[in-house]
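Please open the structure in your viewer and keep the selection tool at hand. The stops below are meant to be followed in order.

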Amino acid sequence: QVQLVESGGGLVQAGGSLRLSCAASGNIFSINTMGWYRQAPGKQRELVATITRGGRLNYADSVQGRFTISRDNAKNTVALQMNSLKPEDTAVYYCYAGASSDGTGWSRYWGQGTQVTVSS
């Protein structure tokens, strides 16, 4: 099993910045894609940004140019720098990892979520 632990959420005014971090631990053979999803009240969980082990990036259109995802493969960590935050960025943010515990198959893992609230 792989565990993901997030940190860095909080309350910020519109236009401000926050940085989310996520560390993977446990029985890790390999991690392919890591990233962040978010879920606002009454809405479905949506992709924010992902990064593959090789560094390929993918961003939601709504955060392109404002958010930056980064990753440290040696430490099994992923971070999300969020700038120019807007009230519509308010959501619970979930860390994600596509990982293998034993090299025979891949599973999806999720963190417990961290609240980001942007006030207007």
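The tour goes from a sheet to a disulfide and then to a single serine.

The model is predicted, so that local features need pLDDT of at least 70 and side-chain atom pairs count only at pLDDT 80 or more, while totals for chains, interfaces and linings use all residues. Residues are numbered from 1 along each chain as its sequence is written, and side-chain values use heavy atoms, with hydrogens and water left out.

Select first the open sheet of four strands, whose order is 1-3-8-7 with antiparallel pairing; strands here are DSSP runs of E with at least two residues, numbered from the N terminus, and two of them pair if DSSP finds at least two bridges between them. At its edges lie strand 1 (2–7) and strand 7 (67–72), each pairing on one side only.

Next, select residues 18–26 and 77–82, which are strand 3 and strand 8, antiparallel and joined by six bridges. Within this pair, Leu-20 has Leu-80 in strand 8 as its bridge partner.

Now show Cys-22 and Cys-95, which a disulfide (cysteine sulfur atoms within 2.5 Å) joins at an S to S distance of 2.0 Å. Because Cys-22 belongs to strand 3 and Cys-95 to strand 9 (residues 91–100), the pair ties together parts that are 73 residues apart in sequence. The torsion about their S-S bond is about -85°, so the disulfide is left-handed.

Finally, select Ser-30 in strand 4 (residues 30–39). Is Ser-30 buried or exposed? Ser-30 counts as buried, at 19% relative accessibility, where buried means under 20% relative accessible area, exposed over 50% and partly exposed in between, with a 1.4 Å probe and protein chains only. Leaving aside residues up to four places away in sequence, Ser-30 touches Gly-98, Ala-99, Ser-100 and Trp-106, contact being heavy atoms within 4.5 Å.
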